[in-house]
Amino acid sequence: MQSTTIIPFEPQYARHFRDLNLVWIKKYFYVEEKDKELLEACEKNIINEGGYIFFAKYGEKIVGCFCFIKLSDTCYELGKMAVDENHQGLKIGQILLDYAVNFGKQEHWEQIVLYTSIKLPAAQHIYKKFGFKEVIIDNELDYARSEIKMELNL
């Protein structure tokens, strides 16, 4: 069994971030303007704005990712979490989420928020397993698919 390691963003991985996310977005939803903005220019619109992108490497292959979008100095939005369909079932999503939560704690953030959909029950289950709680959703959202808002106080 190969091991999974989490690595930070490097420009050569930008296409993996885009491609991994486009698969699930197209499978369950449709690509929205905010998706295009973040996926086509992730370094400019996430990293350079104070956010982070991380990747799951299984053996030598990039098979998963997520990002943190800066909302404030102590609150970040967890987004664009994806695992390659051929590598699902290996708990890579849980490894990514565990890393994300611990990263937020190490950075002394107060909160991580995320938005999800009722079409993604497996994702909701994992988020709840890690302590995220469902809260009242905002009125103005970046995505039509956002139906559920969850928060984790660190």
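Good morning. I shall begin with Cys67, which is buried, with a relative accessible area of 0%. Please bear in mind throughout that the model before you is a predicted one.

Does a buried cysteine of this kind have a partner, or is it free? Let me put that more exactly: how many disulfides does a search of the whole structure find? The search finds zero. Cys67 is in no disulfide, and its nearest cysteine sulfur, that of Cys65, lies 8.0 Å away. A disulfide would need the two sulfur atoms within 2.5 Å. Cys75 is likewise in no disulfide; for this residue the nearest cysteine sulfur belongs to Cys67, at 13 Å. Cys75 is also buried, with a relative accessible area of 13%.

I turn now to the strands. Strand β3 covers residues 61-72, and strand β4 covers residues 75-83. The two run antiparallel and are joined by seven bridges. They form a hairpin, with two residues between them. As one example of the pairing, Gly64 has Val83 in β4 as its bridge partner.

Why can β4 be called largely enclosed by the rest of the structure? The reason is that nine of its nine residues are buried.

Strand β4 also pairs with strand β5, residues 111-116. Here the strands run parallel, and three bridges join them. Tyr76, for instance, has Ile112 in β5 as its bridge partner. Together with helix α4, these two strands make a right-handed β-α-β unit.

Let us look at that helix. Helix α4 comprises 15 residues, 92-106. At 1.5 Å a residue it should span 21 Å, and its end C-alpha atoms are 21 Å apart, so the expected and computed spans agree. Which residues of α4 are buried? Among them are Ile92, Gly93, Leu96, Leu97, Ala100, Val101, Phe103 and Gly104. An α-helix has 3.6 residues a turn, so residues three or four places apart point the same way. Just after α4, His108 takes a positive phi of about 65 degrees.

The final topic is the aromatic residues. A pair of aromatic rings is described by the distance of the centres and the angle of the planes. The count for this structure comes to 19 aromatic pairs. One of them is formed by Trp24 and Phe29, which are edge-to-face, at 6.1 Å centre to centre and with 85 degrees between the planes. Both members are buried: Trp24 has a relative accessible area of 18%, and Phe29 counts as buried at 16%.

A second pair has another geometry: are the rings of Tyr52 and Phe54 stacked or edge-to-face? Their centres are 6.3 Å apart and their planes are at 10 degrees, so the pair is stacked. Tyr52 is partly exposed, with a relative accessible area of 25%, whereas Phe54 is buried, at 4%.

Tyr52 and Phe54 belong to one aromatic cluster, together with Phe66, Phe68, Tyr76, Tyr99, Phe103 and Trp109. Two of these names have appeared already: Tyr76 was the bridge partner of Ile112, and Phe103 was among the buried residues of α4.

Phe29 has one further neighbour to mention. The charged end of Arg145 sits over the ring of Phe29, 5.6 Å from the ring centre.

To close, I return to the point at which I began: Cys67 is buried, and the structure as a whole has zero disulfides. Thank you for your attention.

Notes
Residues numbered from 1 in each chain as written. Predicted model: local features only at pLDDT ≥ 70, side-chain atom pairs only at ≥ 80, totals over all residues. Heavy atoms only, no water. Phe/Tyr/Trp six-rings, centres within 6.5 Å; stacked < 30°, edge-to-face > 60°. Buried < 20%, exposed > 50% of the residue type's maximum accessible area, 1.4 Å probe, protein only. Lys NZ or Arg CZ within 6 Å of the ring centre and 35° of its normal. Helix = DSSP H or I, 4+ residues; strand = E, 2+ residues; numbered from the N terminus. Expected span 1.5 Å × (residues − 1). Pairing = 2+ DSSP bridges. Right-handed = clockwise from strand over helix to strand, strands pointing away.
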